[in-house]
Structure formats: structure tokens, C-alpha cells
Amino acid sequence: MAQKYYYYDEDSCSFQPIEYKSVDKVIFTASLLIIFGLVLAGIGITGLSFVAGTPSEIALKAENRELLSQLHKTKNRIEFFDRQLSTIAQTDNEIYRTILGIDPIDYDERKAGTGGVDLYAKFDIYKDETSSLLKWTEENVASLERRINIQQLSFDEIKTIYNENKSKLAHIPATKPVKGVILSGFGMRFHPVHRFNRMHEGLDFRAKIGDPVYATGDGVIKFSAAKGTYGNLIIVNHSFGYESRFAHLSGFAKGIRPGKKIKRGELIGYSGDTGVVEGPHLHYEIYQNGKPVDPLNFLFADISPEEYNMFRKISSENPNSMD
Ligand SMILES: [Zn+2]
């Protein structure tokens, strides 16, 4: 039997039993349960927060992880741009500026103006990894911006000088004389027939007997005949102090004789193996003011920076010449 509660009724001067309606009972019990549940949930959430963080903290942590991973990816891309810009700067210096007779911009100057460490002290409040990544990114993006500006100025200068020197540039020997790749470069090389090291004053290009050989700049044929170890030789006078030479030819193109004017790209002869050689190829020389120079630095009208680097590598690594 349910326990009964009483109250004192002043009208009847007696204790009367308290009567609960069943609905009230249900509401009372339910309220107790809800309060108890809320307290439990509160304790549970507080406990969990100590272990895993609040839901907003968990979301922030996930966001942080994503940001950090993006920062690492950005770093890789910046490093890629850095390498590309270095290749462009190298080509700019070694080919474009050299050809036009403008002083190269040295590498330190291109990289100059790197900000002091203090500029990035604002990142010190973050974790080591984050802080150093942020510093690195900010520093390197700033450096890329500066170098792109310098490169832009250099190209503007080149464009101006190019426009002032169009005729000269049409004459400078600046294209490949044959389709083939470079076999051997300019410099001290082991001579395949004489069997000792001596100065190789040109580039050897891969070419079969009879492959077409083209003029590399506008000019006038100065010489076209057999000449000692050169075999059949063509010398082109390009004016402005430049001359190009094509050796070991198997023959001359129709109409090629001293005094004939030629244009860049015009067929002048056929490669071969005449003179002292190891095998058929084209030996190509450029003379500037009477002295042989490295023709690789004059292929600027014809090859991409990647090809230039590849040719430079082949040219410097192969110790032998075909002569
Ligand atoms: Zn050679």
C-alpha cells in the first residue's frame, strides 16, 4: 500500500490525507527523470571534453590538420616554381643577355633583398612546425615575387635592345645547322684520329652523309671548297664580326659559291665525312672577331631552356670529339 501524507485542516481542526491525482504523479516522476538525465549528460559531456575536446575543438583540430597539410603542398609547389625560375634566369643570362652583349645579372643580385628574420617573428607564437612552415612560405613567396620582377625588367631590357638590333640579330648565327642532336662540345677534347687531347673549336652534331645543312644566320658565302683536315668546308661571313663554319661536308647546295648572299635557314650543303674524322657528322664553328666561341651559346633562336640544359650537359660530359 502506498504511503500516505497528511496536512492539518484548520476548518475541520483535523489532519486530512493528501490526495495526489495520478497525472500529477506521472509529471512529477517524469520531471525527476529528466533532471536526473540532464545531470548525467552534463557529467558525461564534461568528462568527454577532458579527453577528446569539445565538439568545436574537435572541428578546429581537423581544420588545423587540413591547413597544415595544405601548407606542406604549397611548399612543394613553391620549390617547383623556384627551380623553374632559376632555369629561366640561367637562360636569360647565358643566352639572351650574352647574345645581345648585355651584362648578365648575377645570381646574388637576382636573389637579393631577402627580408630579415624579424619580419616573420609574428609566427613565433605557433607550434614549431607551423611557425617554421609559415616563415618559409612567406619568405619564399616574397623572394619569388622579387625574382619575377627582376626577370620582367630583364626581358623588357632585352626587348628594347632586340628592337634596336633587329638587323644584327638576323645576321648572328643563332639556329641549329642540322636537325641532329649534339654529340660533342666546345673545349679540350680527345681527338679520335690523332689520339691526344686538343682544343675542339666547335660543336659536333649527329648527321648522316647527305643530311641537309642550313645557314644559321643571314650573310655572304666567304669560302666553299675542300680545306685540309676540315674536308669540304663552307665559311659564312655574317658581318658584325661573326663567321660560321661547316666542316666535313659531302657536298655543296646548288648555287653556293663565294659572294652568294644567303638567309638564315637556307640550304647551303650536305653533311658528310670528308677530311679527318671518325665518322659522318657535322662539325660547326662560330668565330666572333676572329676567335672561336662556343656555338652552344648561340642557339638561342632555336632551342628551349630544357634543350639548352640537355645540350650543355652532353657537351660538357663527353670527353671525346668526332672532330
Ligand atoms: Zn668537331
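Two strands pair if DSSP finds at least two bridges between them. The exercises below use this rule on a predicted model.

**Exercise 1. Overall form**

Task: Find how many helices and strands the protein chain has, and what its radius of gyration is beside that of a compact globule.

Solution.
- Step 1. The protein chain has 6 helices and 15 strands.
- Step 2. For 323 residues, a compact globule would have a radius of gyration near 20 Å, whereas the protein chain has 42 Å.
- Step 3. Along the principal axes, the C-alpha atoms occupy a box of roughly 150 × 40 × 35 Å.
- Step 4. The domain assignment gives domain 1 (6-52), domain 2 (69-164) and domain 3 (182-317). The centres of domain 1 and domain 2, taken over C-alpha atoms, are 73 Å apart.
- Step 5. Of the 323 residues in the protein chain, 24% are buried.

**Exercise 2. A sheet of three strands**

Task: Work out which strands stand at the edges of the open sheet with the order 7-13-11.

Solution.
- Step 1. The sheet is open, has 3 strands and shows antiparallel pairing.
- Step 2. Strand 7 (212-214) and strand 11 (251-252) are the edge strands; each has a single partner strand, so one side of each lacks a neighbour in the sheet.
- Step 3. Strand 7 pairs with strand 13 in the antiparallel sense over 3 bridges. Within strand 13, Leu267 is the residue opposite Tyr214.
- Step 4. Strand 11 pairs with strand 13 (residues 267-270), also in the antiparallel sense, over 2 bridges. Here Phe252 lies opposite Gly269 of strand 13, and Gly251 has Tyr270 of strand 13 as its bridge partner.

**Exercise 3. Two hairpins around strand 9**

Task: Describe how strand 9 pairs with strand 8 and with strand 10, and find the residue with a positive phi in each hairpin.

Solution.
- Step 1. Strand 8 (residues 219-226) and strand 9 are antiparallel partners over 6 bridges. Val220 stands opposite Asn237 in strand 9.
- Step 2. Their hairpin has 5 residues between the strands, and Gly228 takes a positive phi near 50° there.
- Step 3. Strand 9 and strand 10 (residues 242-249) also pair in the antiparallel sense, over 6 bridges. Ser239 faces Tyr242 of strand 10 as its opposite residue.
- Step 4. This second hairpin has 2 residues between the strands, and Phe240 has a positive phi near 55°.
- Step 5. Strand 9 (residues 232-239) is mostly covered, with 6 of its 8 residues buried.

**Exercise 4. A helix pair**

Task: Decide how helix 2 is oriented relative to helix 6, and name the residues that meet.

Solution.
- Step 1. Two packed helices are described by the angle between their axes and the distance between the axes.
- Step 2. Helix 2 (residues 55-99) packs against helix 6 (residues 305-317) at an angle of about 70°, and their axes are 10 Å apart.
- Step 3. Helix 2 is therefore roughly perpendicular to helix 6, since angles of 65 to 115 degrees count as such.
- Step 4. On the helix 2 side, Thr87, Ile88, Thr91 and Ile95 make the contacts; on the helix 6 side, Pro305, Tyr308 and Asn309 do.

**Exercise 5. Buried or exposed**

Task: Classify Cys13, Asp323 and Arg147 as buried or exposed.

Solution.
- Step 1. The cut-off for a buried residue is 20 or more other C-beta atoms within 10 Å of its own, and for an exposed residue 12 or fewer.
- Step 2. Cys13 has 7 other C-beta atoms within 10 Å, so Cys13 is exposed. Cys13 lies in the loop between strand 1 (6-9) and strand 2 (14-17). Its phi is near 50°, a positive value in a residue other than glycine.
- Step 3. Asp323 has 25 other C-beta atoms within 10 Å and is therefore buried. Asp323 belongs to the segment after helix 6, and its phi, near 55°, is positive in a residue other than glycine.
- Step 4. Arg147, in helix 4 (residues 128-164), counts as buried because it has 20 C-beta neighbours inside 10 Å.
- Step 5. Leaving aside residues up to four places away in sequence, Arg147 touches Leu85, Arg110 and Lys111. From Arg147 to Ser224 there are 77 residues in sequence and 47 Å in space, C-alpha to C-alpha.

Methods
Residues numbered from 1 in each chain as written. Predicted model: local features only at pLDDT ≥ 70, side-chain atom pairs only at ≥ 80, totals over all residues. Helix = DSSP H or I, 4+ residues; strand = E, 2+ residues; numbered from the N terminus. Buried ≥ 20, exposed ≤ 12 C-beta atoms within 10 Å, placed from the backbone. Domains from an automatic or database assignment. Rg over C-alpha atoms; globule rule 2.2 N^0.38 Å. Axes fitted to C-alpha atoms, helices over the stretch in contact; angles between N-to-C directions. Parallel < 35°, antiparallel > 145°, perpendicular 65-115°, else oblique. Contact = placed C-beta atoms within 7 Å.
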